[in-house]
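Work through the exercises below with the structure in view. Try each task before reading its solution.

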Amino acid sequence: MNPVETPHARPPVSLAGRMGTAVGRFTMYRITLVVLAVLAAYSLLLNLLGWLTFGIPEMPAHLALCLGLTYASNRALAALFRVNPHTESSLITGLLLYFLFWPSLQPLDLAGVALACVLASASKYALAWRGRHIFNPAAAGAFATGLTGLNIATWWAATPAMLWLLVPGVLLVLYRTRKVLMASVFTLVATAVITLELLRSGMTPGMGIYQALAQRPVLFFVGFMLTEPLTLPPRRRQQLALAAVVAVLFSVPWNLGFFANSPEAALLAGNLLAFLAGQRGAVKLRLAGTRQLTPATTEFTFEPARPVRFIPGQYMEVDLPQARPDGKGRRRVFSLTGSPGGRLVKIAVRTAGPLSAAKEALLALRPGDEVAATAVGGDFVLPRDPHRPVLLIAAGIGITPFVSHLSSGGLRERDAVLLLLARSADEVAYAEELWDSGIRVLVRTADGSQPPSGLASAAGRSGPGDRLPGDRLDGETLAALVPDIAAREVYVSGSPASVASLRRAAKSAGARRVRTDSFSGY
């Protein structure tokens, strides 16, 4: 996931492309917050209609307590630790606890919920490694509160009445966070184990599956808790393995004396495994300087407080507390363009107007100013086999993940072709790096303008001077450009609409496997 602009070619936009563009306008945190807020409002409506029977004063009071205490305690702790509070994070935690604990006005129950709220906020600071929390805050607060005996999490969101909005809400969050596959693994394993246990007790297979999905917190757990980005390992294969392990811990009855199985215990165990698997901590980034790549594109270079480990093609999530509120939150995701062995961290952003809050915050930075990198991840990486030929297709500044491959030398000994779609010749970013790479580079400009003359003038080499006519790339054209596309692993990077169109073109041209990295403008 990376920051970039709208597509440069003008292909027909598919439903998937339009949906990706619409959803991509909001950060994963904002999508999660909005979905949880809608579910909370829906639960209050169900309570008024009698579908839920918690009581009229109990539910609003419970919601106000969870949101108020997590917000207030988070701000107090942020002031104590002298960091900027993350309001979205505290509100998400409060809404999760609202759905975990039974609404009640009994003094002990209220005390337990209050304790869970404060402990959840405290876990973000006390149970953290290099500025990044190890455990899911809501699960940590619920688990610790259960040990005191004041209250215990019931996960009441797992009720059939909530399914009408819970299912589409979970699917939307998973689509935005790109965790559909991970969620599918967890759901299949957990549902299978729970159903087998119920079959042993005499229940029919259909009723067993229904109870697993409608009356157990499988869907809520996987949609809002397990797939939280900050507590996941960085690679997809690690995430899939984690999903299977947590599913077993979630669904199989177990008791270790003082500890018994519960959803929150299973999640905390998974969080610990993710941390041991190589979860990165946050790191401070100090701006070293900027470079104008094109009239509309700027590269930002940072000095990290400690070395940043990443694989070419991966992304970095950056926390921009300087950004004004704009409905998208403070955290944004950018492709890393430098080499993993380098001392500096580099990202590139399209900075043409109108500027978003994040871009304004980046452009307002001065050398020496600091931001925090909160996560590194992604699987947009080259095949392990260095002899496997590849085709790299980039729309605009979607070139950024491929620049990291070039910077690291990962394409030096590989049979690679790079196709760049740009609005105009002036919008060809990293032109010198592309030419010096030694690989075959094709540039296609939407306005038909010639690529930079300095690139086209080199004789005897196939490079960015190979301008491609026209303003649309279909399967037939792509097959003509790269006749051996079926033998190549194809990588496509750009906006959701561009990626959807280019993926169809690659498949139509004969590509067998297409990896994508879609993102929306910030």
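Four exercises on a predicted model follow.

**Exercise 1. Overall make-up**

Find how many helices and strands the protein has, and what share of its residues count as buried.

Solution.
- Step 1: The secondary structure consists of 18 helices and 16 strands.
- Step 2: The protein has 522 residues, and 55% of them count as buried, with under 20% relative accessible area as the cut-off.
- Step 3: Turn to the surface. About 21600 Å² is exposed, and carbon and sulfur atoms supply 61% of this area.
- Step 4: Take the contacts between residues at least 6 apart in sequence; 76% of them join residues at least 24 apart.

**Exercise 2. Nonpolar cores**

Identify the residues that touch the most other members of the largest nonpolar core, and the element that gives this core its largest share.

Solution.
- Step 1: The general expectation is that nonpolar side chains in soluble globular proteins tend to be buried together.
- Step 2: The largest nonpolar core holds 70 residues, and those touching the most other members are Phe-99, Phe-186, Phe-220 and Phe-224.
- Step 3: Helix H2 supplies the largest share of this core, ten residues.
- Step 4: A separate second core has 26 residues, including Val-403, Leu-411, Leu-418 and Tyr-430.
- Step 5: Look at Phe-186 in detail. Leaving out residues up to four places away in sequence, Phe-186 touches Val-218, Phe-221, Val-222, Leu-226, Ala-243, Val-246, Ala-247 and Phe-250.

**Exercise 3. Helix H10**

Decide whether H10 is mostly covered or mostly open, and list its buried residues.

Solution.
- Step 1: H10 runs from 218 to 226.
- Step 2: Nine of its nine residues are buried, so H10 is mostly covered under the cut-off of 20% relative accessible area.
- Step 3: The buried residues of H10 are Val-218, Leu-219, Phe-220, Phe-221, Val-222, Gly-223, Phe-224, Met-225 and Leu-226.

**Exercise 4. Enclosed space**

Count the cavities of 30 Å³ or more, then describe the lining of the largest cavity.

Solution.
- Step 1: A probe the size of a water molecule, rolled over the atoms, shows where empty space is left.
- Step 2: The count is five cavities of 30 Å³ or more.
- Step 3: The largest cavity contains about 260 Å³ of space.
- Step 4: Its lining has 21 residues, and the closest to the centre are Thr-32, Ile-92, Phe-224, Glu-228 and Pro-229.
- Step 5: Helices H2, H4, H6, H7 and H10 each give two or more residues to this lining, and H4 gives the most, with four.
- Step 6: Sorted by class, the lining has ten nonpolar, eight polar and three charged residues.

Notes. Residues are numbered from 1 along each chain as its sequence is written. This is a predicted model: local features need pLDDT of at least 70, side-chain atom pairs count only at pLDDT 80 or more; totals for chains, interfaces and linings use all residues. Side-chain values use heavy atoms; hydrogens and water are left out. On a 1 Å grid over the protein atoms alone, a cavity is a set of points where a 1.4 Å probe fits but cannot get out, and a pocket is an open set with protein on both sides within 12 Å along at least five of seven lines; lining residues have an atom within 4 Å of a point. Grid points are joined across faces, edges and corners, and a volume is the space filled by probe spheres set on the points. Ala, Val, Leu, Ile, Met, Phe, Trp, Tyr, Cys and Pro count as nonpolar, Asp, Glu, Lys and Arg as charged, and the others, Gly among them, as polar. Buried means under 20% relative accessible area, exposed over 50%, partly exposed in between (1.4 Å probe, protein chains only). Contact means heavy atoms within 4.5 Å. Accessible areas come from the Shrake-Rupley method with a 1.4 Å probe; for residues, only the protein chains shown count as cover. A nonpolar core is a set of buried Ala, Val, Leu, Ile, Met, Phe, Trp, Tyr and Cys residues joined through side-chain atoms within 4.5 Å.
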